[in-house]
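Trainee: I am new to this structure and would like a close look at a single part of it. Please start from one residue and work outward.

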Amino acid sequence: MTLSAVQADISLHHLAIASNNPDKLANFYSNVMGMKLQKKSNNEFLCEGPLRKIIITKGEDKGLNYVGMACRHDSNLKKFKEFLLDKKIKVSEFQSVYFDAGSFSVIDPDQNIICFGIPKESYKNTSTGINGPLQHITFASLDVEAFQNFYHNQLGFDITDRVVAVDGTLATCFTTSNHEHHTIACFKSDRKGMDHHSYEAGEWNYIKDWCDHFASNHIQLMWGPGRHGPGNNLFVFIEDIDGNWIEVSAELETVHGRPTKNWPQSERTLNLWGKAILRS
Ligand SMILES: [Fe+2]
């Protein structure tokens, strides 16, 4: 028996990102995103808070080394790997100190590396801090159709919502690997890479706590508060010191097999409450 990504119940677990100044960026995540900082080497830093983990290594600013996706059960992980092999997808062994043996990776059409594994016990985080588990990542891409084909038809993510441009091309595609509205999404852009990553605070009051915490660190909101159309989630955005966009979200829709909905590409789709940041 094989399992698609949704059937295997896969969640975003950690991100490994690159920076020209990894120590400074790690200090930012430690202070601003409420994470404990561990220096692994001169060029690698682990930032870890409750259910949120960012690994920062020396490299080009705004680089994404890989996306770490977690499966709760080893049997599900193996059945998901079988699902990929049946689809003739190239699956590579992936060794990580954060995952048990048996983790593996695939490469998407934009060369983003997506890893799947079982988190090691020592990295199942229980530390305290403002609520905000790492929940989704979105990509920027020149070709959202290729993203949709890969994540839906190849990996078995469900498509929950799409934003469609006037010419019929895809402006955004939201896909999920569990019951959350999206775990990985993609925005049409004139570049490839990360668009943003998001922490799901769950409730509006936690967003207030995050905003007060940002203010105490002299960090201004760059967008929001607002409410997205697709996903119906409340949001605020800030930028890290490298210019990576960070979202804190609440009330993200949970989905259980509802039909995909198409939205027009408009300011209101991106923000029901006010101004939007249109990517293309
Ligand atoms: Fe988001």
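Trainee: In which strand is Phe 187 found? Please describe the surroundings of that strand as well.

Mentor: Phe 187 belongs to strand β12. Keep in mind throughout that the model is predicted. Phe 187 has 22 other C-beta atoms within 10 Å; the cut-off for a buried residue is 20 or more, so Phe 187 counts as buried. Leaving aside residues up to four places away in sequence, Phe 187 touches Thr 138, Ala 140, Thr 172, Asp 195 and Arg 279. Ile 130 is 57 residues from Phe 187 along the chain, and the C-alpha atoms of the two are separated by 28 Å.

Now the sheet around that residue. Strand β12 is part of an open sheet of 9 strands with mixed pairing. The order is β14-β15-β16-β13-β9-β12-β11-β10-β17, which places β12 between β9 and β11. The edges are taken by β14 (223–227) and β17 (261–264). Each of these two has a single partner strand, so one side of each is left without a neighbour in the sheet. From one strand to the next, the twist averages 20°. One pairing in this sheet can be followed in detail: β15 (residues 234–239) and β16 (residues 245–250) run antiparallel and are joined by 6 bridges. Within that pairing, Leu 234 has Ala 250 of β16 as its bridge partner.

A helix lies on this sheet. Helix α4 packs on it, touching β9, β10 (158–164), β11 and β12, and the direction of α4 makes about 15° with that of β11. The buried residues of α4 (residues 144–154) are Val 144, Phe 147, Phe 150 and Tyr 151. They cover an arc of only 130° around the axis, and therefore sit on the same side of α4. As a general point, an α-helix has 3.6 residues a turn, so residues three or four places apart point the same way. In α4, the buried residues pack against β9 (134–141), β11 (170–176) and β12 (184–188). The strand of Phe 187, β12, is thus one of those that the buried residues of α4 pack against. After α4 comes Gly 156, which has a positive phi, near 85°.

Step back to the whole protein. It is divided into domain 1 (5–120) and domain 2 (134–270). Their C-alpha centres lie 18 Å apart. Contact between the domains involves 31 residues of domain 1 and 33 residues of domain 2. On the side of domain 1 that touches domain 2, at least two residues each come from α1 (5–8), β1 (10–19), α2 (22–32), β4 (52–58) and β5 (63–71). The largest share, 7 residues, is that of β1. By class, this side of domain 1 has 16 nonpolar, 6 polar and 9 charged residues.

Strand β1 also leads to another open sheet, one of 8 strands with mixed pairing. The order there is β2-β3-β4-β1-β5-β8-β7-β6. Its edges are β2 (36–41) and β6 (92–93), each with a single partner strand, so one side of each has no neighbour in the sheet. The pairing of β1 with β4 is parallel and runs over 5 bridges. In β4, Ile 56 is the bridge partner of Ile 17.

Note on methods. Residues numbered from 1 in each chain as written. Predicted model: local features only at pLDDT ≥ 70, side-chain atom pairs only at ≥ 80, totals over all residues. Buried ≥ 20, exposed ≤ 12 C-beta atoms within 10 Å, placed from the backbone. Helix = DSSP H or I, 4+ residues; strand = E, 2+ residues; numbered from the N terminus. Arc of directions from axis to C-beta. Contact = placed C-beta atoms within 7 Å. Pairing = 2+ DSSP bridges. Axes fitted to C-alpha atoms, helices over the stretch in contact; angles between N-to-C directions. Domains from an automatic or database assignment. Nonpolar A, V, L, I, M, F, W, Y, C, P; charged D, E, K, R; others polar.
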